[in-house]
Amino acid sequence: MIRIFILLLLTTTIFASTVERNRVKSGETYLIFLEKNALPLKKLYYDLDKDDQRLTEEIRAGIHYQILKDDNGTIEQVLLPLNDELQIHIFQDKNKQYKFEAIPIISETKTEAFHTTITSSPMYNILKDTGSKKLAQIFVASFKNSLNFKNDIRKGDELVMIYDQKYRLGHPFSMPTLKAAMIEMGKKRHYIYLNDDGRYYDEKGHEVEGFLLARPVRGARISSYFTKRRWHPVLHKWKAHLGVDYAARRGTPVRAAGSGRIIYAARMGSYGNLIKIRHDDGYETRYAHLKSFRRGIHRGKYVKKGQVIAYVGTTGRSTGPHLHFELRKHGRAINPLRVVQVTTKKLHGKAKKAFMRLKKNYDESIELHLNNQSKPKKYGSFENMSYIHFLPKKSDG
Ligand SMILES: [Zn+2]
């Protein structure tokens with residue numbers, strides 16, 4: 001089936017249709033969203049398969065979405081981003097029936113850089129100069145395990161930041177990725193580089209300590225690994241396993257893999273008793289099939305890395321006591337074992353040589369921005385922009 005997509009910026013008015021732009025409110029679920037807009041719950045939720053239903057759980061507060069209405073106020077289309085790559089598209093087919101689909105978000109990535117002189121703190125100066133809280137956050141987060149900004153920074157110290165920023169139709173969106181950075185502390189320079197292996201290293205090629213614990217359950221054996229496709233012994237069908245299973249005795253303590261805020265602590269379908277923790281930089285961890293939560297653990301609570309939050313159990317869809325552990329970045333499940341490490345990595349041999357070449361390029365770039373005093377870009381208000389695509393009205397449904 002060939003569809004012709006016409007991409008249009010949504011502030012424009014087209015064919016007497018109007019576009020409303022709103023944000024998902026805290027606590028607003030997909031079902032609440034449908035009800036609020038008088039959209040059919042059966043067609044757009046209950047008739048969906050389980051995978052699509054689960055996708056709708058990925059909607060997060062603060063996301064901008066768009067509703068396209070005709071001149072009678074009838075909803076023609078909705079675009080609801082799930083993360084920075086995928087969005088829900090609700091539209092009317094030729095029979096005026098509402099349909100649900102998940103479609104990719106198209107964007108381009110630009111590498112940008114700037115220099116600034118510190119008058120107060122890195123957080124303050126980056127925010128003041130760029131207008132982007134996200135840039136300030138990723139800068140501070142990337143150095144926070146190795147440097148103490150509070151005590152050692154002097155007025156007049158300088159910093160350079162090189163990062164990737166995603167754009168949709170000329171507007172920045174989503175979290176930037178730090179590529180390389182330099183900060184002076186009392187005129188002594190400190191560097192950080194994103195290597196090709198996706199990890200951050202200092203100027204000596206030593207990994208900057210990750211924020212996550214190696215294992216959320218001490219001494220437990222891994223009984224099932226992360227995979228995008230596996231045979232499910234209970235359901236007898238192919239499924240994805242978007243986490244790592246740790247087999248352990250019922251009641252074994254489960255620890256927060258990293259510091260963060262608990263955003264969910266209750267029962268959730270096949271997950272059984274579930275805890276979700278939101279961490280910095282768009283990371284989230286999930287702990288499922290729990291026997292029970294530790295006393296005082298509830299939604300909204302801030303927990304520290306290593307703190308006991310719950311106990312291993314077998315609630316929900318589970319064949320025996322184990323912890324199902326998930327790691328998500330910007331809503332997408334990623335393999336925790338790729339990110340989590342027992343010890344900090346040191347680069348050797350070929351890998352170190354490759355890193356040193358990469359570092360040399362970044363160093364030259366940092367030097368250049370330092371000498372040129374490259375001015376930051378001013379971002380203004382940051383929005384989660386989306387595309388809407390218009391299906392040809394007559395020929396296609
Ligand atoms: Zn599992």
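Leaving aside neighbours within four places in sequence, which residues is Val-78 in contact with? In this predicted model, the partners are Tyr-65, Ile-67 and Ile-90. Val-78 sits in strand β4, which covers residues 75-81. The surroundings of Val-78 are well filled: 24 other C-beta atoms lie within 10 Å, so Val-78 is buried. Another residue to look at here is Gln-66, which is 12 residues from Val-78 in sequence and 5.7 Å from it in space, going from C-alpha to C-alpha.

One of those partners, Ile-67, can be followed a step further. Ile-67 belongs to strand β3, made of residues 64-69. Is Ile-67 buried or exposed? Ile-67 is buried, because 20 other C-beta atoms are found within 10 Å, and the cut-off for being buried is 20 or more. Setting aside neighbours within four places in sequence, Ile-67 is in contact with Glu-20, Asn-37, Ile-75 and Val-78. The C-alpha atoms of Ile-67 and Thr-18 are separated by 8.1 Å, with the two residues 49 apart along the chain.

Now for the chain as a whole. The secondary structure comes to 8 helices and 25 strands. Of the 397 residues in the chain, 30% are buried. Contacts can also be sorted by how far apart the partners are in sequence: among those between residues at least 6 apart, 64% join residues at least 24 apart. Leu-327 and Thr-285 give a pair to look up in the structure, with their positions 42 residues apart along the chain and 4.6 Å between their C-alpha atoms. Leu-327 lies in strand β23, residues 322-329, and counts as buried because it has 25 C-beta neighbours inside 10 Å.

Next come two helices. Two packed helices are described by the angle between their axes and the distance between the axes. Helix α4 takes in residues 122-130 and helix α5 residues 133-143; their axes come within 8 Å and cross at roughly 150°. That angle makes α4 roughly antiparallel to α5, since angles over 145 degrees are counted that way. The crossing of the two helices is right-handed. On the α4 side, the residues that meet α5 are Pro-122, Met-123, Ile-126, Leu-127 and Thr-130, and on the α5 side they are Lys-133, Leu-135, Ala-136, Phe-139 and Val-140. Sorted by type, the residues of this contact come out as 8 nonpolar, 1 polar and 1 charged.

Helix α5 has other company too. Its buried residues are Lys-134, Leu-135, Ala-136, Ile-138, Phe-139, Ser-142 and Phe-143. What covers them? The cover includes α4 along with the strands β8 (158-168), β9 (171-185), β10 (188-194) and β11 (200-201).

Phe-139 turns up again in the largest nonpolar core, which has 25 residues. Phe-139, Met-161, Ala-180 and Ala-181 are the residues with the most contacts inside this core. At least two residues of the core come from each of α5, β8, β9, β10, β11 and α8 (349-372). Apart from this core lies another, of 23 residues, with Ile-275, Ala-288, Leu-290 and Tyr-311 among them.

Back in the largest core, Met-161 is in contact with Ala-113, Phe-114, Leu-135, Phe-139, Leu-178 and Ala-181, leaving aside its neighbours within four places in sequence. His-369 and Met-161 are 208 residues apart in sequence, yet 8.9 Å apart in space, C-alpha to C-alpha. His-369 is placed in helix α8 and counts as buried because 21 C-beta neighbours are inside 10 Å. Not counting residues up to four places away in sequence, His-369 touches Ala-113, Phe-114, His-115, Val-160 and Ser-374.

Finally, a word on the backbone. Most residues other than glycine have a negative phi. Ala-38 has a positive phi, near 55°. Ala-38 is in the loop between α1 (30-36) and α2 (41-46), and it counts as exposed because it has 9 C-beta neighbours inside 10 Å. Gln-373 also has a positive phi, of about 50°, although it is not a glycine. Its place is the loop between α8 and β25 (388-390). Is Gln-373 buried or exposed? With 12 C-beta neighbours inside 10 Å, Gln-373 counts as exposed, because the cut-off for exposed is 12 or fewer.

Terms used. Residues numbered from 1 in each chain as written. Predicted model: local features only at pLDDT ≥ 70, side-chain atom pairs only at ≥ 80, totals over all residues. Axes fitted to C-alpha atoms, helices over the stretch in contact; angles between N-to-C directions. Helix = DSSP H or I, 4+ residues; strand = E, 2+ residues; numbered from the N terminus. Parallel < 35°, antiparallel > 145°, perpendicular 65-115°, else oblique. Left-handed = near helix turned anticlockwise from the far one by under 90°. Contact = placed C-beta atoms within 7 Å. Nonpolar A, V, L, I, M, F, W, Y, C, P; charged D, E, K, R; others polar. Core = buried A, V, L, I, M, F, W, Y, C linked by C-beta atoms within 7 Å.
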